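Trainee: Please take me closely through a single part of this model, the empty spaces and the elements that wall them. I would like the cut-offs given along the way.

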Amino acid sequence: MPLDTARMIIQTEYDAFWEEAEECGDVPWQWNDFEGRRSIPKQLGQGEVRVINLHPGLSISINTYQYWRPLLLDYDCIGGDVLLSNFYLAGDRRIINPGIQFEEDRSETTGETCLCYIKQGRSIEYFPAEQTLKSVGIRVDLERLRSFGMSWDNTSSLLQLLIEGKSVTNFHQTLNQSTPAMQQAIQQILNCPYQGVFKRIYLESKVLELLVLQFEQLQGQQKTSSTHLKFRTADIERLHLAKAIVQQELEHPPTLIDLARLVGLNDFKLKQGFRHLFGTTVFGYLHTCRMLQAQQLLSDRSLGIAEVAQRVGYTSPSRFCQAFKRHTGMTPRDFRR
């Protein structure tokens with residue numbers, strides 16, 4: 001997803017909009033029993049965040065909003081000892097969590113679902129302008145999962161290690177597209193026919209149903225990976241074509257969905273196949289190619305650092321310098337020396 005830098009809102013301006021709206025009383029939480037709603041500041045866009053607390057250690061968030069201008073946020077996130085489950089119903093966004101397992105640089109697209117555990121880390125998030133973004137998220141404390149009191153031996157190794165406390169490494173794992181059963185449960189949550197305590201019981205049952213469906217999907221996905229993913233010869237050729245396109249379009253790379261269309265694959269097969277064949281995500285490969293190309297360009301002293309940054313797809317030289325230092329351990333200027 002190429003960044004639209006025109007009129008972009010960065011973290012400091014984003015924080016200032018929220019602070020101003022809070023001081024003016026424009027964005028208060030409105031609570032009704034166990035459910036709260038909060039609008040986003042009008043300077044940023046339109047929409048709301050909705051939180052439903054179902055049980056100690058179990059909650060739902062339903063986010064629906066649209067930003068007037070593109071956002072590029074960079075902040076430290078503290079998630080705690082919580083497993084996060086997300087379902088993306090509308091809109092595309094790009095997220096980077098440096099140093100986490102599996103998918104530190106990814107695009108999150110309509111129809112996807114994921115599980116992640118980020119106890120503490122850095123989050124860099126890009127949201128395009130004037131695009132409706134809608135998602136349903138579930139937060140469940142690990143202690144809540146442990147309270148079921150049974151062995152997790154028959155689930156995925158990733159989940160088992162996490163719940164049994166044998167692994168605390170941050171990770172993000174994209175699953176397959178939402179299944180019809182998941183979509184039905186989500187619609188039942190969004191259109192709950194009950195009120196009061198019946199609503200709370202009903203929603204909790206649907207959330208637990210969604211988690212079971214995701215855990216089953218994760219287990220099946222890991223089994224598929226461990227028994228060797230099989231791709232047709234034509235699919236492998238398309239994946240190599242996708243790799244070549246990424247190499248050639250470092251300055252203006254296609255979005256994940258556009259890349260999938262260019263090579264004749266769906267976005268899920270592109271992501272899974274790319275990781276299987278090349279050992280990295282599409283965005284991870286793009287980043288590596290950009291850094292290798294930058295190193296070659298820096299050897300040409302007639303090129304300024306800003307020009308090198310632009311040639312490898314960075315409109316901001318400072319962000320290029322930060323990315324280059326994370327990748328190589330030194331600044332572009334030090335590397336050139």
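**The largest pocket and the other spaces**

Mentor: Strand β5, residues 58-67, gives the largest share of the lining of the largest pocket, namely six residues. The model is a predicted one, in which local features need pLDDT of at least 70 and side-chain atom pairs count only at pLDDT 80 or more, while totals for chains, interfaces and linings use all residues. Residues are numbered from 1 along each chain as its sequence is written, and side-chain values use heavy atoms, with hydrogens and water left out.

The volume of this largest pocket is about 1,200 Å³. It has 40 lining residues, and those closest to its centre are S61, N63, Y65, Y75 and E125. On a 1 Å grid over the protein atoms alone, a pocket is an open set of points with protein on both sides within 12 Å along at least five of seven lines, a cavity is a set where a 1.4 Å probe fits but cannot get out, and lining residues have an atom within 4 Å of a point. Points are joined across faces, edges and corners, and volume is the space filled by probe spheres set on them. By class, the lining of the largest pocket holds 21 nonpolar, 12 polar and seven charged residues (nonpolar: Ala, Val, Leu, Ile, Met, Phe, Trp, Tyr, Cys and Pro; charged: Asp, Glu, Lys and Arg; polar: the others, Gly among them).

β5 itself belongs to an open sheet of eight strands, ordered β2-β3-β4-β5-β12-β7-β10-β13, with antiparallel pairing. At the edges of this sheet stand β2 (30-32) and β13, and because each has a single partner strand, one side of each is left without a neighbour in the sheet. From one strand to the next, the twist averages 15 degrees. The partner of β13 is β10 (residues 112-117), and the two pair in the antiparallel sense over five bridges, with C116 having H172 in β13 as its bridge partner. Strands are DSSP runs of E of at least two residues, helices are runs of H or I of at least four, and both are numbered from the N terminus; two strands pair if DSSP finds at least two bridges between them.

The second largest pocket holds about 940 Å³ of space. Its lining has 41 residues, and R94, I96, D105, R290 and Y314 lie nearest the centre. Two or more lining residues come from each of β6 (71-78), β8 (93-96), β11 (120-127), α9 (282-298) and α11 (317-328), and of these contributions that of α9, with six residues, is the most. This second lining divides into 16 nonpolar, 14 polar and 11 charged residues.

Two of the strands just named are partners, since β6 and β11 run antiparallel and are joined by eight bridges. L72 has Y126 in β11 as its bridge partner, and L72 of β6 also stands opposite I10. That second contact belongs to the pairing of β1 (residues 9-10) with β6, in which the strands run parallel and two bridges join them.

Turning to enclosed space, a search of the whole structure finds two cavities of 30 Å³ or more. The largest cavity has a volume of about 150 Å³, and among its 14 lining residues E103, R106, T174, K271 and T281 lie nearest the centre. The elements giving two or more residues to this lining are β9 (105-108), β13 (171-177), α8 (267-278) and α9, with α8 giving the most, four residues. Five nonpolar, four polar and five charged residues make up that lining.

The second largest cavity contains about 60 Å³ of space, and its lining consists of V246, P253, P254, T255, L256, L259, V282, F283 and L286. α7 (256-263) and α9 are the elements that give two or more residues to it, and α9 has the largest share, three residues. By class this lining has eight nonpolar residues, one polar residue and no charged residues.

As for the whole protein chain, it has 12 helices and 13 strands, and of its 337 residues 47% are buried, meaning under 20% relative accessible area with a 1.4 Å probe and protein chains only, where over 50% is exposed and the range between is partly exposed. Its C-alpha atoms fill a box of roughly 70 × 55 × 35 Å along the principal axes.

Conventions:
Axes are lines fitted to C-alpha atoms, for helices over the stretch in contact, and angles run from 0 to 180 degrees between N-to-C directions.
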